[in-house]
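Q: I should like to learn how the contacts between chains are read in a structure such as this one. Could we work through it step by step?

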Amino acid sequence: MRSRRGWLTGLMFGVLCAMGAVTGAQAQEDEALSYFRQAKVDWRQAAGQSLTIGLNKHPFTESLLPLIPEFRKLTGINVEYLILPESEYFTKLAADLSQQRGEFSVIMTGPMRNWQFVSADWISPLDEFLNNPKLTDKAWFKLEDFYPALISANRWNGKIGSGVGEGPLYSIPVLEESYILAYRKDIFDQYNIKVPTTLEEMAEAARQVKKHAGIPGIVARGTPSVASMGTGFGSGLKSYTDGQWSEFDGKLNATLHDPRSVKYTELWIDMVRESGPPNWANMQWYDAMEAFTAGQAGMIVDADFFAAGYEDPKKSKVAGKIGYALIPTGPGGKVYSGLWTWALGINKATKNKEAAWLFVQWATAQRTLMNATLGYRNYNPSRMSVTNDPRVQEIMGAWGAGSYLKTVARNLETARVFWVPEPERTRMGDIWARALHEVYFKRMTAAEALKKASVEIDKVIKEAGLKD
Amino acid sequence: MTGRRPAGGESARKIAVLVGAAILLLWTVFPFFWILLTSLKSPGDMLSVPPKFVFSPTFDNYAALVMGEQRGDYASTRPDFPRFFLNSIIISFGAVALSVAAGIPAAYALARFNFPGKDALAFVFMSFRFVPFIAFVIPLYLLYQKIGLYNTHGGLILAYQLITLPFTIWMLRSFFQEIPSEIQEAAKIDGCSWLGVLTRIILPLSMPGIAVTVILGFIFCWNAFNYPLMLAGRQTFPVTVGAIQFISYEQVLWGQMAAATIVAALPQLILSLMVQKYIVRGLTMGAVK
Amino acid sequence: MSGKVARGRRRRETLLPYLLLTPALVLLCGMIYPFCLGLYYSFTSYWLQYPKRFRFVWFDNYVSLLDEPLFGRALEFTLGFTVAAVVLQVGLGLAIALFLHGRIPGRGAIRAMMLLPLMMPPVISALMWKIMMASTNAGILNYMLSFVGVDPINWFGSTRGAVASVLIIDTWGNLPFVALILLGGLQALPSEPYEAAKVDGASPFAMLRYITLPLLAPFLILTITFRTMDSLRIFDVIYATTLGGPNDATTNLHIMAYQYAFQWYQMGKGMAQAIVLLILVVMVSYLLIRLWNRSAESNAQ
């Protein structure tokens, strides 16, 4: 009898617990729904429609997926999604956009990618949605909460060679990245190595780390693809030339073989060859990141927010041992970092544009982005209110004993999308990266390889009809 | 001759043979063994230097593969592996069924009739075995996007005919040709139509050959990678394409990739042991019996 | 009357094979149509992101290959890899076949084991080897090589390492194919010539050189044909491991065409490169099949 009662009690307890869990989740969902219903927008105006979202593998993507049922409940819109690694993602994306069949309604994109899509007239300007009171509650959505530099990075007037920051807005940023130097403070302190402020000093520091600690002095992306060029290497080159150099002259002639660029390339490749990891030429960003978090490198010059990974004690062997600093500069002593934002845009050919915009508005709302940052380490926030949230400040403020936030704040004073806007940016980067391999493997001198790359890019630009 | 050799030479020969066999086995089997070990490792054991042979095994990589969820330290990329597995089965079965349905009459015609253009036609079918896939996948890709076959099982089944149809026709032809034509002539004299000859004599007598063709065709479809890479989407990816996606934003998920490798390879490893006598014949499209 | 029936019957007889072939021919057309479409694209400036610039450009895409630096390198690697893979695989395959042809304990088991790599999806075996060849973390291959005194090999980060790794992975998967065919060939050889040679006191090497190899020639040429065709168009293994890098050391024509079409969206150029690869394959196959026929004829004599 007693045992049976015990069994019953247990069962009832279990049921209660389950109900508690359900009501807990319910409460969270109710809270979310009431948050979104504050907006003076009819969320259900597109109920019953379907969307397919194209997503790149990314912490932001991970943060979005569990919330999709919530979006369905709010709007009555069905959501399917495709998630792929970056290179495959962009291949599929361009294929779909080019056929104008509108398979993807909402896409994950960013400034340099937009240049390609806008030139081909594949994506929608978002201003018409933003300014439509039926679709957007501007006072609630607060576009002004986004960092102005990030919004203007996603604007372009469509003129090849200029006009970034002008004209229509093509995508809403979900995160920000600029490029800084992360170094092993423990090793630097132990062997009295100076934190570098010039490229020559960086090469020396890398040499010292390798000599004393027996690990590669520096890791960097090295695969022969555009992904290797835009971050640490590109920002370093821009800074090395005091912001003077750019990859095209005023008449859209490639200038990769500019003497300053050649000199920088020589120094960089020598450094990587001498003190870098042996498999540099096959390194993706995740390989570089993994090597650094595994304690297998002294320095890395890449996206600032990789710090979220370096500083995660569950995954990283170097959490708490890292210092952050600006990228080495040129004679002027000022840093010019690049800037990138992952952002959400809308396919021009989609039939359900209103539904697509409701999704973008929901996915970039303050609450959603806050959840992405706190719950899924989606750094750096694109909204100021998220960055300034005390919880976020506490997490980011602890990185590098406070040096992280300070470094990023200084970096952002001058960071911008400095590439010349033209639709062949990706191709240009691929050709450029291949030139670095020619130098690394000593098939050509830097001057020869970069001259060859410039000629090749000029050919592509001409073939694409961007220049006579 | 060997009998007159001194005993020492004989045992040296034996040792050499054993060493040779051991090297051959190691080279062949070790990768499987190592991947199996890798798939049973936790992330910590995975990265240990030197590599560990002894560790406490875990099935979490397989669990993450099936559930596609975050499980503690096991980051997952939600690649929907069970769905990919089902896709592989659907596409492979569909492609083989279509090929066999079209291939039996075609092979019968090529094996038993003389008609103008026969050799040329057989050669045209054979030549598809050797085409570079890219020459077909570029136009197919553009075409499929236009007519809505992109990312559909049906579209993939049609594209897979490039793999299975030439193979099926040549294999079946070689099996049909093995049946003595006297039996067929005798049946004709008894008043059997061509259809009767096909259904009452040729098909029953070559049932084992058809079974082999189906199984090998299934394996070749299962192994296909490049057509689905370009022509499939998330709803239709087969396991071969699914297995390369174990790259998260931050790292390559070696453990899950290894588990996926094992799961993707298992069905046709079993199937291939079933038809091992015929594999060489299948791979040469019936040229070597 | 009866003559008419007979004629009707004969006509049906002549039409019948075509009728039987119809379903397969329909599917064949389904394959040939996209190919013709692709052939047409290869003469156009089809570039996904510039739809307005679509023009018929005759042979421009083919001619422009001549001053495309990557093309020379890709052609070189395509041919070089093919020669290396075929020599390596046929050489080792022959050795394994001869070895297994001797009195080997457990031959059946070894033979069955060898089927496994053969039937693996190439992309999956590439992934398996990629895990084993990892150089950043615990790559088992370098670890094992360290016991025989080999320094860590930079598998995917050096040009030579990348070429070697592609060659090794391809060989692992296809060596059994060569070995099994040649083993089958050896077992089908007549025994008389060997008995005669033994009586003459020929050395084992002489028997190999003057009896086995000539008799085995059709089988050798068959394996060479199949391996050559597959090596010329290898794709899966390279895609899953090196993607053509580093320094384009493992870029063959197939990977190059893939990059033009699916990375840079120049469908016209990519298709022209695919056609060039196809022509190369057809030419080589024509030569090899002629060789095969000749050796089969001379063997028959």
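A: Certainly. Please bear in mind that this is a predicted model. A contact is described by the residues that each chain brings to it; here, 15 residues come from chain A and 16 residues from chain B.

Q: Which elements of chain A each supply at least two residues of the side that touches chain B?

A: They are the strand β2 (78-84) and the helices α4 (86-99) and α13 (285-293) of chain A. The greatest contribution to this side is that of α13(A), with three residues.

Q: How do the residues of that side of chain A divide by class?

A: There are eight nonpolar, three polar and four charged residues on the side of chain A that touches chain B.

Q: How many residues do chain B and chain C bring to their contact?

A: Chain B brings 71 residues and chain C brings 67. On the side of chain B that touches chain C, helix α1 (residues 7-39) of chain B has the largest share, twelve residues. This side of chain B comprises 57 nonpolar and 14 polar residues, with no charged residues.

Q: What domains does the assignment give for chain C, and how far apart do their C-alpha centres lie?

A: Chain C is assigned domain 1 (2-41) and domain 2 (70-300). The C-alpha centres of these two domains of chain C are 38 Å apart.

Q: What confidence does the predictor give?

A: Where pLDDT is low, the predicted coordinates should not be read in detail. In chain C the mean pLDDT is 88, and 93% of the residues reach 70 or more. For the complex, the predictor gives an ipTM of 0.88 and a pTM of 0.90.

Methods
Residues numbered from 1 in each chain as written. Chains lettered and ligands numbered in written order. Predicted model: local features only at pLDDT ≥ 70, side-chain atom pairs only at ≥ 80, totals over all residues. Domains from an automatic or database assignment. Contact = placed C-beta atoms within 7 Å. Helix = DSSP H or I, 4+ residues; strand = E, 2+ residues; numbered from the N terminus. Nonpolar A, V, L, I, M, F, W, Y, C, P; charged D, E, K, R; others polar. pLDDT = per-residue confidence, 0-100.
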